[in-house]
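Please open the model in your viewer and keep the sequence panel beside it, so that you can select residues by number as you read. We will go slowly, one selection at a time.

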Amino acid sequence: MRPDQIGGKDVIDANAQFIGDVCDLEFDVSRWMITHICVNLSDRAIEILGYQKPRFLGKVLVHLPVEDIQAVSDVVSLNKSIVEIKEFIEQH
């Protein structure tokens, strides 16, 4: 799959809960590898993760390491639950 085919795909956690959609990818050009996916969080995920929803057209984005991806098909499936993602974000 080409990187441009991943953008816009829905992202679901390990419990099959929708958490957002892929809006970008981060590359390490020295190794020519994708290192993170940038996820535009859903309203529910924003609430669970404890972020404040922007009042106007803003978005809440998180960058998740590719190691958290279990599979990519019609959706991007993560191998962590939203609670585990919250713990990861709080540590970094």
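This tour of a predicted model visits the sheet, then a helix, then some charged pairs and finally two cysteines.

**The sheet.** Begin by colouring the strands, and you will find that six of them form an open sheet, in the order β4-β3-β2-β1-β6-β5, with mixed pairing. Select residues 61-65 for β4 and 69-72 for β5, which are the edge strands, each of them pairing on one side only. If you then look along the sheet, you can follow its twist, which averages 35 degrees from one strand to the next.

**One edge.** Keep β5 selected and add residues 76-78, which are strand β6; the two run antiparallel and are joined by three bridges. Here you can also pick out Val72, which stands opposite Val76 in β6.

**The helix on the sheet.** Next select residues 82-91, helix α2, which packs on the sheet and touches β2 (18-28), β4 and β6. The direction of α2 makes about 95 degrees with that of β4.

**Charged pairs.** Now show the side chains, among which four salt bridges are counted. One of them joins Arg2 and Asp4, at 3.1 Å from N to O, and Asp4 is exposed, with 55% relative accessibility. Another is formed by Arg31 with Asp28, where the closest N and O atoms are 2.7 Å apart. Move on to Lys53 and Asp43, whose side chains meet in a salt bridge with an N to O distance of 3.1 Å. What does this pair tie together? Lys53 lies in the loop between α1 (43-49) and β4, whereas Asp43 is in helix α1, so the salt bridge links parts that are ten residues apart in sequence. Lys53 is partly exposed, with a relative accessible area of 48%, and Asp43 is also partly exposed, at 46%.

**Two cysteines.** Finally, select Cys23 and Cys38, and display their sulfur atoms. Why is Cys38 not bonded to Cys23? The sulfur of Cys38 lies 3.2 Å from that of Cys23, its closest cysteine sulfur, which is too far for a bond, because a disulfide is counted here only when the two sulfur atoms are within 2.5 Å. The count of disulfides in this model is accordingly zero. Are these two residues buried or exposed? Cys38 counts as buried, at 4% relative accessibility, while Cys23 is partly exposed, with a relative accessible area of 34%.

Key. Residues are numbered from 1 along each chain as its sequence is written. This is a predicted model: local features need pLDDT of at least 70, side-chain atom pairs count only at pLDDT 80 or more; totals for chains, interfaces and linings use all residues. Side-chain values use heavy atoms; hydrogens and water are left out. Buried means under 20% relative accessible area, exposed over 50%, partly exposed in between (1.4 Å probe, protein chains only). Two strands pair if DSSP finds at least two bridges between them. Helices (H or I, at least four residues) and strands (E, at least two) are DSSP runs, numbered from the N terminus. Axes are lines fitted to C-alpha atoms, for helices over the stretch in contact, and angles run from 0 to 180 degrees between N-to-C directions. Contact means heavy atoms within 4.5 Å.
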